[in-house]
Amino acid sequence: MRAHTVILGAGATIAAIPNGDRHGRKSSVMNGLIEKLNIQDVLRGVHLSTTSDNLEDIYSELCSRPEYKEACQELERRLYDYFSSLELPDEPTVYDFLVLSLTDKDAIATFNWDPLLVQAYTRCHYYTSNLPRILCLHGNVDVGFCPKHYEYGKIGTRCFQCNDVLTPTSLLYPVANKDYDNDEFIRRTWNTVEYCIKNSYMLTIFGYSAPTSDAKAVSLLKKAWGDKDSRQFEEVSVIDVIDEDSMLDKWKDFIYSHHYRYTNDFFSSYLGMLPRRSCEATFARLMGGIWLDGDSGFKKGMTWYDIQTLLAELLEEEAETPKGQNYPVHYVPHRK
Ligand SMILES: [Zn+2]
């Protein structure tokens, strides 16, 4: 079975901590970010021609003006420190459900700098090591990298090969023309995501608004997915809070005909309804006409115990499946 690749934007982190993180700190989309993170003092005495409150507009102008070099570096430091400070609450978040909804053939590629997805990945290891790979498309405050051996992992840990402490990845700050080739970690990450998307049966875009300053990123994703007419048998899924027409307009180059599912929340997406079998079950439904039970997946408000109970049979099936073979569809109605 081919893979499921999930692309995450700022909306996914907001969905993961709708009431703030463990300490009540919030995340935000790029609009109003500086004010919401309470770091506007960095811009005191700075006179910009943009009147926008969008971080990308502010940052782009700031870093293009040599007289504001220090303010620009200070803004980078403050953003880095703010995102580093975020911590998941104890209870399961949408990021935990997301990590546990996929297996090791799949990938989650995130544009977000915050550490929450990596934290979720780390604690979900307690339940299973059959987890998707995590790819940080714009760098991440919680991911380190060994430039000698190209190993990456959680910040503070050591390179598997040379035992050096992994160095922080540089964040790709929001300028109009981002360079995806200059930084070795970012370049390799994009090569991997391209490979993952090319080999995916399903693609889910979660909370990613594809801002105009990310035009290059979107064209790289599009190049990897290829012509939508050659993706007649694949399924695209979008999880977002915008209305469906705007969504279709934004992602029309990715979706073949009516082969998509659009939901406003994670729990009614393929991932939430068919955790760990989204590709197997969807393929069986669309190609084999198999009826599915859409009511046995993750539900909002589930506790860690509920999750463990739900996963038990799925993990058992995975352990019993010979390597290289497909997992059982699992979500067939007679199971109830
Ligand atoms: Zn190394």
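This section describes the domains, sheets and helix contacts of a predicted model.

The domain assignment splits the chain into two parts. Domain 1 spans 3-20 + 88-335, and domain 2 spans 33-85. Domain 1 is thus written in two segments, with domain 2 falling between them in the numbering. The C-alpha centres of the two domains are 30 Å apart. At the junction, 11 residues of domain 1 are in contact with nine residues of domain 2. The domain 1 side of this junction comprises nine nonpolar residues, one polar residue and one charged residue.

A six-stranded open sheet has the strand order E3-E2-E1-E7-E8-E9. Its pairing is parallel. Strand E3 (133-136) and strand E9 (260-263) occupy the edges. Each has a single partner strand, so one side of each lacks a neighbour in the sheet. On average, neighbouring strands are turned by 15 degrees against each other, direction ignored. Within this sheet, strand E1 (residues 3-8) runs parallel to strand E2 (residues 107-110). Four bridges join the two. Isoleucine 7 has alanine 109 of E2 as its bridge partner.

Helix H7 (residues 184-198) lies across part of this sheet. The strands it crosses are E1, E2, E3 and strand E7 (200-206). Relative to E3, H7 runs at about 130 degrees.

H7 also packs against helix H8 (residues 215-225). The two axes come within 8 Å and cross at roughly 40 degrees. This angle exceeds the 35 degrees below which axes count as roughly parallel, and it falls short of the 65 degrees at which the perpendicular range begins. H7 and H8 are therefore oblique to each other. The crossing of H7 past H8 is right-handed. H7 contributes Trp190, Val193, Glu194, Ile197 and Lys198 to the contact. From H8 come Leu220, Leu221, Ala224 and Trp225. By class, the contact holds seven nonpolar and two charged residues, with no polar ones.

A second open sheet contains three strands in the order E5-E4-E6. Here the pairing is antiparallel. Strand E5 (151-154) and strand E6 (167-168) are the edge strands, and each pairs on one side only. Four bridges connect E4 with E5 in the antiparallel sense. One of the residues involved is cysteine 146, whose bridge partner in E5 is glutamate 151. E4 and E5 form a hairpin with four residues between the strands. In this hairpin, tyrosine 150 adopts a positive phi near 60 degrees. On the other pairing, strand E4 (residues 143-146) and E6 are antiparallel over two bridges. Phenylalanine 145 has threonine 167 as its bridge partner in E6.

A further helix pair consists of helix H3 (residues 55-64) and helix H4 (residues 69-85). They pack at an angle of about 140 degrees, with their axes 8 Å apart. Only angles over 145 degrees count as roughly antiparallel. H3 is therefore oblique to H4. H3 passes H4 in a left-handed crossing. On the H3 side, the contact is made by Tyr59, Leu62 and Cys63. On the H4 side, Ala71, Cys72 and Leu75 take part. The contact of H3 with H4 is made up of six nonpolar residues, with no polar and no charged ones.

Key:
Residues are numbered from 1 along each chain as its sequence is written. This is a predicted model: local features need pLDDT of at least 70, side-chain atom pairs count only at pLDDT 80 or more; totals for chains, interfaces and linings use all residues. Two strands pair if DSSP finds at least two bridges between them. Axes are lines fitted to C-alpha atoms, for helices over the stretch in contact, and angles run from 0 to 180 degrees between N-to-C directions. Two residues are in contact if their C-beta atoms, placed from the backbone, lie within 7 Å. Angles under 35 degrees count as roughly parallel, over 145 as roughly antiparallel, 65 to 115 as roughly perpendicular and the rest as oblique. A crossing is left-handed if the near helix is turned anticlockwise from the far one by less than a right angle, and right-handed if clockwise. Ala, Val, Leu, Ile, Met, Phe, Trp, Tyr, Cys and Pro count as nonpolar, Asp, Glu, Lys and Arg as charged, and the others, Gly among them, as polar. Domain bounds come from an automatic or database domain assignment.
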